Amino acid sequence: MYGKDEDEGGEEPQPAFEGWSLIGIGGDWENDVDMAQAGDFWSVKNVTIAAADQFKFRKAHDWAENIGAPGDVEPFVVTLGQSYEGVAGGKNLGVPADGTYDLYVNPTTKVFYVMEPGVVPAEIATWGLVGSNINNWGETPDLVMEFENDLLVRKNVTLTTGSQFKLRYQNNWDVNRGAPGSVEPYVMSAEKGIRATAGGKNLGVAEDGSYDIWYDVVNEIIYVVKAGAALPQTWGVVGDFTSWGEKPDVSMVEEDGMIVARNIALQTTNQYKVRFNKDWGVNRGAPGDVEPFVITLGEPLAATAGGKNMAVPEDGMFDIYYDQTNELLYTVKAGEKPNTGEPQPVDTWGLVGDFNGWSNDIVMTESNGVFTGFVVIGYKDDNTVQKFKIRKNAAWDVSVGGNLVSLDTPFEAVSESGPDIVVPEIGAYKVVYDTTAKTITVSKIQGWSVIGAVGGSNWDKDFVMTFDGHSKWVSEPIAMTDASKFKVRFNSSWDDVNTRGAEAEGFAFTAGTAFKVVSPGKDIAAPAAGTYTVTFDTAAEEVTVAAEGGMSAFTISSADDWAKFVVASAEKTYGKEETVTLASDITVTALVDTLFCNFDGGNHTITYSFDQASDGTENSLGLFRVVKGTQVKNLNVVGTLNTLAAINIGGVVGHAKDGAVIDHCVSNVTIVATKKVTQKMGGIVGWADAGSKITNCVNKAPVGMFIPGKASANASQIGGIVGHIEGGIEITSCVNEGQVTYEGTGTPRIGGMCGYINNLTNMTFKDCTNKGAIVLNEGNYTASSWSYIGGLTGYYGTPTQGSSVVYDGCVNEGPVTANVTDTKTKIRMGGIAAHGGISNDAYAEGSLVWEFKNCTNKGELTSTLTSANNHIGGILGIGETTTKVVCDGCTNSGSITVAGNGNVGGIMGQLTSVSSSYTNFTVTKETVISVKGGKVGIVGGNNSPFTTAQTGKVAGTLVIGGETTVLTSSNYKDHLFGSDLGTGGSTDGVTFGD
C-alpha cells in the first residue's frame, strides 16, 4: 500500500511569478529575467550583458518594488565583486564591459553584487571544497557549493587519483566534513553516497576525471559522480513527517553492511515506511494487517514489499536501518545499534591534540574501564607547549579534558566543554583515563633512549635522550667501541612498535649522515671506537650519529656546536641540500660569514651581540652575514648590533642573495649605527637581492641610525624588516613592531617594511603590518633633495620600464613623524608608501604601475617642516608622472598634521599621472588634516587632471590656516581634492559617509 492517497484533478493554473528579477537587459524593459532564491539572496547566473545595457532589480515583474544604485550617476557602472548598498527606486546599473555575469541581490538589505561567472560573494558562500589539487588545501578560496534541488553541489571539479579533498564551511576548518572510518583517502564510488562525518577522513576518486560533488546537508550524505551523471538511486524514509513525499525523503546511506537514515524525530502518532528512489513502486513496511504496526526498538522486523506503515513506541530521535540482504528493518534510538545477534562494537578512547593535528587519535588500551595511552608533547609553532584532550571513538561527540594541577595526581575529567589538558613541559607522558571515577592522571615517562653494547653497558642500560620539542631526540655523548651495537627504544619497551633499528643486517653508520630506521629493525653498528651523539628524528624516522669533536650536519645543541658550525660554514662543509637544525636555545659570540646550507631554528632562540667600537672592514653584519641561495626559518634572535662600519646590517641576515628565503624568523636585536656612510639596515635583513623572499617574519626591536651632531649620512636606507631591496622580492605576512629612526641630515629613506627599493622589476608586499613608530629627526640641512618616510616603504630608485609594485592587504598602525628644524629640508611621507615611481623624461607617462589593494593607514602622520615642501598622503605621499597609481579599497583613519604648507590628502598627497585611479576608498570621520596652507583635500592634495572616475566614501575634518571645516553631506564635494580634476575624470562615485 501507499503511505498517502491523493485525489486526481485537472491541471492547476500556474501562479504569477512573485520573486525578484532583472529588467532592462538588451534594452528590453518589458520582459524580465527571473532570479532564484537561495537564503536571503536572489541570484541569476550566466546573464549576457552589454556595456551599453542598463538594468535594475525588481519584484514580481512590477515597478512597485525595485532596487537601483545610490547617487546621481546613471548608469552607475559597477566594479565586479564589489558589495553595493542599493536604494529603492535608485539609478540604473551598468557593467564595465560586454560579458557574461552572475548577479545577486538581497531585497531586505538591498545589497547587490555583479560577479564573474561562477564566483560567489564571500558573504553568501557557505560550504565549499578544499583539497590538494583544488586549492592546495586553502591557499586560495574554496570552491563554493550552491543549492540545487535541496542539495549543495559543485560541478565539473577536476580530480586525479592522487588528489584528496574535503568539504568545509566558510573557508574554515572549524566545521568540515569527510569520510567515516580510518581509511585515508576514502575512495568514493559513483554507485553510492557516504555518511558525511565531522572532521572525517580525506576523500579521493578511483580515476582521473571531471566530477560533480553533492552534499545532502540535511541527511549528512556526500555523493561524488562523474560530471553530468545522475545521482545514485537511493532508499529513503518517508512518512507523515514528510507529508508522504511532498517534502524530500530522509536519505539512507550504507554503513556496516546495512543502509541507515539517522536522527529522525518521531512521535508515537507518526507513521513511516522506506521506499526506493522517492517512488512508491518499490517500498517496504511491516508484515500483517495491523496499521500502524508499533515496532520493538532494536529488534528485527521482516521488511515486507508494500507492507503496513510503522510507528515507534515512544517519542524521541531514531535511526532506521534496512538490511537488504536479509530483508530486515530495525528502528533504534539515535546512536544505538540494532540487535543483529552479533556483539556490539567496543568503544575506544584516544588521545588527540596539537601533536597530531587534532586527528588520527592515539588509541588507548583498556582494562576494566581504565584506558591508558602514551604521547610525546612538544612545542607548537608559537613556541608554546602543545595541548590535548581525550575523545571517544575518534569523534567529537564525546570528549573529556580538564585542569592538570600536578603530575601523577588524578584530576576531574570534564566532559564536552572541558579545557584542553596542558602539561608543565615538553616530553613523553603516560595518560590514564578512569571512565568510572571520571578522573585523568598524567605522568611523565622516559621517552626515547639508546640501548646496546655502548657506554660500558651490555644491553642493560637506557641512555635517555632529550626531546627538542618538535621531532628530534638527542642523546648525551656515548662512548662506543668498534664492536658496539645499539638500537633506540621508547619508554624502555622492547615491543616492536616501540623499537627502532637499521633496515639491514650488519649496517654500520657513517658519522654525520642520516639513515632510515624501521620497527623493530636490526642492530646499528659503530664503524670505529669513539664518543658519539645519537639523534633520532621521529618525524622522518631517521637517525644521525655525530662523532665527538665533529658535529652532526643536522643538529646544533650547544654554543660549542655553533662554533664548530661557524668554522664548517667557512670551509663550505655543508651545501644547499643539507639542513642544520638548532635543538636548543643558545648564546653565541661568533657570526656565520656565509651560509651555504639551510638553517632550521626549530623555534629556538640564539642570543648574540656585536659591538664594533671602531671602523672596520665588514661589509655585511648579522647573525648570518650573508645567506647565499638557501633558507633560514623558525629562528628567534635576541641581542644588540652596534656598528661604525658595516654597510648591510640585519638582525638575522646582513645580505640575502641568490634567491635566499627567510621564513618565520623573529628578531629582538636592537640595531644602532653611527657611521657617516650610506647604510642599509633592517630588523630582519639589511640588503636583499632580487628573487629573495621574506615571509612570516617579525621585528620587535628598534632599528636606528644616530649620527653624532646630526651630521649627514647621505641617503641611508632603514626598514623595520629590510633596509635595501635590489630588484624585486616578495615580502609576505611580515610585521614590524620596533621603532625605525634616522637622526642626522642627508636624504634618508625609511619605512616600517623597507627603506629603499632600487632597480625595481616587480615587487609584492602582501598582508604586511607596521606597528612601530617611524621617526626622522633631521637637523641643519644644506642640500636640495627630498627625505622619504613611509609607514611601509620609503623610496624607489631607477625602476625598470614596465615594472610594478603591489601592496595587498597591508596596514600601518604606527605614527610616522618628521621632526625637522630647517626649512631647506623637503619631506615626502605616506601612511603606506612615501614614494612611487621615478621622475624621468625617458619613461612614458603611466608606464609604471603602483597598485594598492585593500590597504589601511591608522597611524598619525606629522611633519614639523614650516616651508611648503611637504608631499604627504594617508596612503601615498607622491606618485611620479611615470607612475600609474591604482588604489582600490583603501582606508585612511589617521590624522595628518603639517606645520607648513604642502600638497596633502587623506589618500594621496601629490599625483602627476592622469591615468591613475582611486576607487572604493574610505576616509573616515576620525581623519583630521591640519595644514598651514597649500593644496589640500580630504582625498588628494595636488594632482594632474584625472581621466578616470574616482569612487569611495569620505568624512573627516580639514583645518587649513586655522580655519576648520567639518565635512558634511552638503559640503564634502567641495573638499575632495586640492586642485582641479579637469574634465576627463569624475568624482560622481564619491559619497559622504564613514
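This report describes selected backbone, strand, pocket and cysteine features of one predicted model.

Residues are numbered from 1 along each chain as its sequence is written, and side-chain values use heavy atoms, with hydrogens and water left out. In this predicted model local features need pLDDT of at least 70 and side-chain atom pairs count only at pLDDT 80 or more, while totals for chains, interfaces and linings use all residues.

## Backbone exceptions

Most residues other than glycine have a negative phi, and most peptide bonds are trans. The table lists two cis peptide bonds and two positive phi values. Helices (H or I, at least four residues) and strands (E, at least two) are DSSP runs, numbered from the N terminus.

| Site | Backbone value | Place |
|---|---|---|
| Glu184 to Pro185 | cis, omega near -5° | Pro185: loop between β18 (172-178) and β19 (186-187) |
| Glu291 to Pro292 | cis, omega about -5° | Pro292: loop between β30 (279-285) and β31 (293-294) |
| Trp137 | phi near 55° | loop between α1 (132-135) and β14 (143-144) |
| Asn634 | phi about 55° | strand β65 (residues 631-643) |

Accessibility is given in three classes: buried means under 20% relative accessible area, exposed over 50%, and partly exposed in between (1.4 Å probe, protein chains only). Trp137 has 30% relative accessibility and therefore counts as partly exposed. Asn634 has a relative accessible area of 18%, so this residue is buried.

## Strand β12 and its partners

Strand β12 (residues 111-115) is largely enclosed by the rest of the structure, because five of its five residues are buried. In a regular strand the side chains alternate between the two faces of the sheet. In β12 both faces are covered: Val111, Tyr113 and Met115 are buried on one side, and Phe112 and Val114 are buried on the other.

Two strands pair if DSSP finds at least two bridges between them. β12 pairs in the antiparallel sense with strand β8 (residues 84-85) over two bridges, and Tyr84 stands opposite Phe112 there. With strand β11 (residues 99-106), β12 has antiparallel pairing over five bridges; Leu103 has Val114 of β12 as its bridge partner. β11 and β12 form a hairpin with four residues between them, and Lys110 in the turn has a positive phi of about 65°.

Leu80 lies in the loop between β7 (76-77) and β8. With 31% relative accessibility, Leu80 counts as partly exposed. Leaving aside neighbours within four places in sequence, Leu80 is in contact (heavy atoms within 4.5 Å) with Pro96, Tyr101, Val114 and Glu116. Leu80 and Asp663 are 583 residues apart in sequence, and their C-alpha atoms are 34 Å apart in space.

## A five-strand open sheet

Strands of a sheet pair through backbone hydrogen bonds, either parallel or antiparallel. An open sheet of five strands has the order β2-β1-β5-β6-β9, with antiparallel pairing. Its edge strands are β2 (33-34) and β9 (87-88), each of which pairs on one side only. Within this order, strand β1 (residues 20-23) and strand β5 (residues 56-59) pair over four bridges in the antiparallel sense, with Lys59 in β5 as the bridge partner of Trp20.

## The second largest pocket

Rolling a probe the size of a water molecule over the atoms shows where empty space is left. The search uses a 1 Å grid over the protein atoms alone, and a pocket is an open set of points where a 1.4 Å probe fits, with protein on both sides within 12 Å along at least five of seven lines. Grid points are joined across faces, edges and corners, and a volume is the space filled by probe spheres set on the points.

The second largest pocket holds about 1100 Å³ of space. Of the 44 residues that line this pocket (an atom within 4 Å of a point), the closest to its centre are Phe355, Val376, Phe467, His470 and Thr538. β40 (370-377), β50 (472-475), β62 (598-611), β65 and β68 (661-673) each supply at least two lining residues. By class the lining has 15 nonpolar, 19 polar and 10 charged residues. Ala, Val, Leu, Ile, Met, Phe, Trp, Tyr, Cys and Pro count as nonpolar, Asp, Glu, Lys and Arg as charged, and the others, Gly among them, as polar.

## Cysteines

A disulfide is a pair of cysteine sulfur atoms within 2.5 Å, and by this rule the count is zero. The closest cysteine sulfur to that of Cys665 is in Cys697, at 4.8 Å, which is too far for a bond. For Cys887 the closest cysteine sulfur is in Cys890, at 3.5 Å, also too far for a bond. Cys665 counts as buried at 0% relative accessibility, and Cys887 counts as buried at 0%.
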